[in-house]
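Me: I am new to this structure and would like to know what stands behind the terms used for it. Please take them one at a time.

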Amino acid sequence: MTDADGRAAGRSGFADLLLDSRVRAGFSQEELAEAAGLSVRTIRELEAGRVARPRKDSVRLLASALGLQDTDSFLAAAGHGTVRPVIAVGAPAPTGMRWRGTRPIPDGLVGRDKELAELADLLRQNRLVTLVGPGGVGKTELALAAADRFSGVDTTVVVVDLTTVQRDAAVPSAILDAFGTAPGTSDLDDVLSGRQPGDLVIVEDNAEHVLDGVATVANRMVRSFPSIGVLVTSRIPLGLPDEVVRRVEVLGVPRNDRDFAEIAASPAVEMFVRRAARVRPDFSLTPENAATVARLCQRLDGLPLALELAAARAGSLSVETILTALDDRFRLLSGPRRFGAPHQRTLADTIAWSVDALSDAARQLLYRASMLGSPFTLDAVVGVCTGLPIDPLDVPMLLAELVDKSLLQPVLEFEQLYGARYKMLETIREHAYAGLTSQGTDLTEFRDRAVAWCAEYVKGLEGAWSSPDRDRRYRAANANSATFEVALERAAELGQWDTAARIVLGFRIAWQYQASVAQSGIRWAVECAENVVDKEVSGMLLAIGGRLSSLTGDVRAARRLYGEARTLIAPESEMGLVARGGWVSSGSLLLDTASLAEIPTLVADARAHGNVQRSATVQAICGLALGRWGRLPEAKELLLAWEAALVNPGVYPDEIAYMALSRVSLELGDLVEARRWAELARDSQASDDPERTKVAGCLAMVEFHEGRFDEAQALLDEADADIRGHRGYFDYLVMLYRSRLARRTGDVAAARVAIRDAVSRLQVEGRVVYLLDVLPEAVAVLHAGGQSAAADLLCGQLLAWQRTMDPPMLPTAWAVLQESCSSASQAPGWPEPNPAESVRRLADDVLRALS
């Protein structure tokens, strides 16, 4: 454009006025652009007179940055009077130009099918949807994919990247830039007017740092232009009344590193493998590397950005090396990402972007909370993390700020049981922990405060076992398990073993409420027992270790720990009775006849103890042991003594004892009583107990023996989901009855899988006595599958067991064996000297035959 051409249209008007005003204000073009929140290119175009009619929003920003008093005259010089012509840029985009801005990556989404479908529906039903979540969680790709799925042939999708927008007032200009208009040429209203419903979707990406500006414009859009849809991505909600907020979660990670099928099904693993294959074409998930990949994805919390950055290293590093290097993850994951927002090109930048925007008090709370472990509770934060600049009364507000800014995540699962809990992604925790350690002695101070708080907390649990709200109190304590781990680590580091022992003793019941954290309790009980001087305290700690080992399915460890404990504690004391009861229970599972011999003395000592609750508990434990041993009338007598004690204060219903009564009644042939006890077991549990479905297996057995097979199948399907997540008392029975139902319908393949799973689990856990319930069903399955020789061989061994060994098989198992053994004869060589070893050998034979 010639100088004459440039001046002809407007150089003598607004362009000259702008240039003169900038010079008088002492700004360079770059300085004015920064002050106004506009691009340098826009300033140059305006001063060159290449823009016929600058945008009103841009002109206002310039007037404000220049400090002009007469804004109306400045606007008039730019051509903004009372008449606003409609310009062509507002028309819908022509076919082939419907997408403006960043497009979705073709294979960018992994494991988001459910969220994608929900978002597409939300955009059809709502005007304004905001995706929130921590940096690097994949909000942008999900938003772009959702807009693409939602939009039709005639829909324009405009993507506004707000990353480089520096001021709230510049948001309208950034939106207009995204429409592809010439710099400064129009008002936002011009491009939004005249749209038909479904005609336009605007995606405003990375909005958190200009939240007020985005909220103002979004509110005007949805109120004034009802045909437009707005989809925002931000780490913080906009806070508008019309806004629908959806939190974008991290990708699911494998629950363990052993099950190849589960690892392969994990979205986090799928994403890592896809991205790694881009830099290393021969990379794939194999049985050999699956465990390492699973642990890597777990360490990275399933955070997509972290997975992507780690996978980028797979071209030069092995997965094992990457996993090891995660101890310094911010150095490892510093690149080489060269696209996306500048603050998301390294993992450290992504986290710092959010942390730097916090208030000082919220930042300090984040730093201090990083040493509590994860998850943690509001009570722990108040008890450990307060002090200048954090007022205890402000903690709820500050936690809300951290949640709103996606630096903390509320743990909603089982909220009614465990109360308000929060978790911090490991990546964020590491950043915050580094911030805490950089502040002199803060880390030491707050770790010491964690010890003091936990030691004081357990005092409040004294007597909780006999209180009406014991479940609530113990579950609330369990919610602080991670913080107790921190406190015990610190106490051990300082050699404060007596303090650590008091914490373990006070917290012992709380560990029992969640098998997944019980391993920590075992570790600390044993370690404290080895270091305290008082032998009786050491014995009490070992008894706790035994109880928790039994809960996690390690019966052999439970037997050993209980055995050591009973030699150190006075046998008639409360903890002495606990140790002896545990020794009897674990021994009965391992077919140790010495355990059964102690039951009469143990029951007599428990009754003489004077504590009705303890007496009832010991009798229930002994009743369970006798039931396993086939001494059904004696077992029922002791279990009914427990049930009779429920009228006393401090003695409360327990679903396990009710389930045992149901099982004993079923084996005695009283199905009416079996149902009554099973229903009492169901009714005694909290409605939202996370392990509630184990009771479904008990009810399923009753339904099966009453011939209600469809009802039994439905209950077993419900229970099966539960036993995959934990090890329960009667989970093998769920597998056993799944086999019986499958065999009944002719589904031999399903029966084989179910019975093999039952035998394998019991072998691993050491619950030998229950194998006597399962092995007869294995005989039936082998016969049904045409393996008659293997079936008859096993049947002959079991016939010999039933006639020469103790305990006998229970009536229901014996009936199955008799139905299946018409062609078998009793095996020679029985009785054998080691009952437990004999049963294990038979179980190994079954696994080989079924494999």
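The turns below go through the sheets, the disulfide, some backbone details and the cavities.

Me: What kind of model is this, and how are its residues numbered?

Reply: It is a predicted model, in which local features need pLDDT of at least 70, side-chain atom pairs count only at pLDDT 80 or more, and totals for chains, interfaces and linings use all residues. Residues are numbered from 1 along each chain as its sequence is written, and side-chain values use heavy atoms, with hydrogens and water left out.

Me: What makes strand 2 and strand 5 a pair?

Reply: Two strands pair if DSSP finds at least two bridges between them. Strand 2 (residues 128-132) and strand 5 (residues 228-234) are joined by 5 bridges, so the requirement is met. These two strands run parallel. L128 stands opposite V230 in strand 5. Strands, like helices, are DSSP runs numbered from the N terminus: a strand is E with at least two residues, a helix H or I with at least four.

Me: Which sheet has the order 1-3-4-5-2-6, and why are strand 1 and strand 6 called edge strands?

Reply: That order belongs to an open sheet of 6 strands with parallel pairing. Strand 1 (99-100) and strand 6 (243-247) each pair on one side only, and they are the edge strands.

Me: What does helix 8 lie across?

Reply: Helix 8 (residues 171-178) lies across strand 1, strand 3 (156-161) and strand 4 (200-205). Its direction is at about 130° to strand 3, where axes are lines fitted to C-alpha atoms, for helices over the stretch in contact (heavy atoms within 4.5 Å). Angles run from 0 to 180 degrees between N-to-C directions.

Me: How do you know that strand 8 and strand 9 pair?

Reply: DSSP has to find at least two bridges, and 2 bridges join strand 8 (409-410) to strand 9 (residues 421-423), which run antiparallel. In strand 9, Y422 is the bridge partner of P410. The open sheet of 3 strands has the order 7-9-8. Strand 7 (376-377) and strand 8 each have a single partner strand, so one side of each is left without a neighbour in the sheet.

Me: Why is the link between C795 and C821 called a disulfide?

Reply: A disulfide is a pair of cysteine sulfur atoms within 2.5 Å; those of C795 and C821 are 1.2 Å apart, so the pair qualifies. A search of the whole structure finds 1 disulfide. C795 lies in helix 42 (residues 788-804) and C821 in the loop between helix 43 (811-820) and helix 44 (835-850), so the disulfide ties together parts that are 26 residues apart in sequence.

Me: Why is this disulfide right-handed?

Reply: The torsion about the S-S bond of C795 and C821 is about 135°, so it is right-handed.

Me: Where is P831, and what kind of peptide bond joins W830 to P831?

Reply: P831 lies in the loop between helix 43 and helix 44. The bond is cis, with omega about 0°.

Me: What makes a space a cavity, and how many are found?

Reply: On a 1 Å grid over the protein atoms alone, a cavity is a set of points where a 1.4 Å probe fits but cannot get out. The whole structure has 4 cavities of 30 Å³ or more. The largest has a volume of about 190 Å³, a volume being the space filled by probe spheres set on grid points joined across faces, edges and corners. Lining residues have an atom within 4 Å of a point; of the 18 that line the largest cavity, the closest to its centre are G627, R628, R663, Y770 and L810.

Technical notes
1 Å grid on protein atoms, 1.4 Å probe; cavity = no way out; pocket = protein on both sides within 12 Å on 5 of 7 lines; lining within 4 Å.
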